[in-house]
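Please work through the exercises below with the sequence and the structure at hand. Each task is followed by a solution that goes step by step.

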Amino acid sequence: KLIHFRRSHPIFHQPSFFKGRALHGRGMKDLTWFNADGTEMNRKAWAADFAKVIGLVLNGDALDLTTFTGEPVRDKTFLLYFNAHNDSVTVGVPGRRGVRWRQLLDTAVETGFTPDGIIVAAGGKHMLPAISIGLFEQETGSGDEARKALRPKKFPAAPAPVTETTP
């Protein structure tokens with residue numbers, strides 16, 4: 001079943017690896033990497049030696065492939081999360097409002113594929129089981145909306161220190 005799935009989606013069997021940057025003036029990345037909280041990875045995140053969860057969106061609209069007649073090859077957009085931690089982890093689901101992801105594969109389940117996969121909205125949370133991979137297919141929204149990272153949470157400023165005054 002997995003081999004059939006891979007063969008039916010050109011995004012999973014390209015002749016060259018993804019670039020991770022905007023391609024040929026299209027302004028679309030073919031691949032975007034995410035932290036566990038759904039924010040896009042930056043240099044600091046890549047340098048962290050403690051990260052156990054990583055996600056990526058594979059953009060089916062930005063494939064750098066053509067048919068033998070020169071027509072562009074397109075595919076669906078997919079979200080993958082990899083959890084190398086020995087505990088379950090709650091991950092943030094990237095994308096803008098209106099984007100929905102349907103889970104197709106959960107390696108923590110014996111059968112792997114989830115025929116009645118749960119639907120998770122962008123901006124929501126998903127529990128990723130320990131030492132597993134979750135594969136989601138974009139159900140709604142545009143490819144551009146699906147690739148949008150969640151905004152980092154802003155924490156309130158620390159309260160000013162209290163100093164005692166003597167009367």
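**Exercise 1.** In this predicted model, find which residue of E2 stands opposite Trp33, and then describe how E2 is joined to the strands beside it.

*Solution.* Begin at Trp33, whose opposite residue in E2 is Leu56. Next, take the two strands as units: E1, which covers residues 31-34, pairs with E2 in the antiparallel sense, and four bridges connect them. Then turn to E3, made of residues 78-83, which also runs antiparallel to E2 and is joined to it by six bridges. A bridge that can be located by name is the one between Leu58 and its partner in E3, Phe78. Finally, consider how far E2 is covered: the strand spans residues 53-58, and five of these six residues are buried.

**Exercise 2.** Place the strands in their sheet, and explain why one side of E1 and of E6 is left without a neighbour.

*Solution.* The order of the open sheet, which has six strands and antiparallel pairing, is E1-E2-E3-E8-E5-E6. E1 and E6, the latter being residues 119-121, stand at the edges and have a single partner strand each, so one side of each lacks a neighbour in the sheet. From one strand to the next, the twist averages 25°. For E6 the pairing can be followed in detail: it pairs with E5, residues 100-106, in the antiparallel sense over three bridges, and within E6 it is Val120 that serves as the bridge partner of Trp101.

**Exercise 3.** Decide whether Asn35 is buried or exposed, and describe its surroundings.

*Solution.* First locate the residue: Asn35 belongs to the loop that lies between E1 and helix H2, the helix of residues 43-47. Its relative accessible area is 19%, and because the cut-off for a buried residue is under 20%, Asn35 counts as buried. When residues up to four places away in sequence are not counted, Asn35 touches Glu40, Met41, Ala45 and Tyr81.

The pocket comes next. The largest pocket holds about 280 Å³ of space, and among its 13 lining residues those closest to the centre are Asn35, Lys44, Ala45, Ala48 and Phe50. Ala45 is thus both a contact of Asn35 and one of the residues closest to the pocket centre. By character, the lining divides into eight nonpolar, three polar and two charged residues.

**Exercise 4.** Carry out a similar study of Gly112, and find how many residues separate Gly112 from Lys1 in sequence.

*Solution.* Gly112 is situated in the loop between E5 and E6. Its relative accessibility is 10%, so that Gly112 counts as buried. Leaving aside residues up to four places away in sequence, the contacts of Gly112 are Leu104, Leu105 and Asp106. As for Lys1, it is 111 residues apart from Gly112 in sequence, while the C-alpha atoms of the two are 9.6 Å apart in space.

**Exercise 5.** Step back to the whole protein and ask how many helices and strands it has, and what share of its residues is buried.

*Solution.* The protein has three helices and eight strands, and, read from the N terminus on, these elements follow one another as α-β-α-β-β-β-β-β-β-β-α. Of its 167 residues, 39% are buried. To see how contacts are spread along the chain, take those between residues at least 6 apart in sequence: 66% of them join residues at least 24 apart.

Conventions: Residues are numbered from 1 along each chain as its sequence is written. This is a predicted model: local features need pLDDT of at least 70, side-chain atom pairs count only at pLDDT 80 or more; totals for chains, interfaces and linings use all residues. Side-chain values use heavy atoms; hydrogens and water are left out. On a 1 Å grid over the protein atoms alone, a cavity is a set of points where a 1.4 Å probe fits but cannot get out, and a pocket is an open set with protein on both sides within 12 Å along at least five of seven lines; lining residues have an atom within 4 Å of a point. Grid points are joined across faces, edges and corners, and a volume is the space filled by probe spheres set on the points. Ala, Val, Leu, Ile, Met, Phe, Trp, Tyr, Cys and Pro count as nonpolar, Asp, Glu, Lys and Arg as charged, and the others, Gly among them, as polar. Buried means under 20% relative accessible area, exposed over 50%, partly exposed in between (1.4 Å probe, protein chains only). Two strands pair if DSSP finds at least two bridges between them. Contact means heavy atoms within 4.5 Å. Axes are lines fitted to C-alpha atoms, for helices over the stretch in contact, and angles run from 0 to 180 degrees between N-to-C directions.
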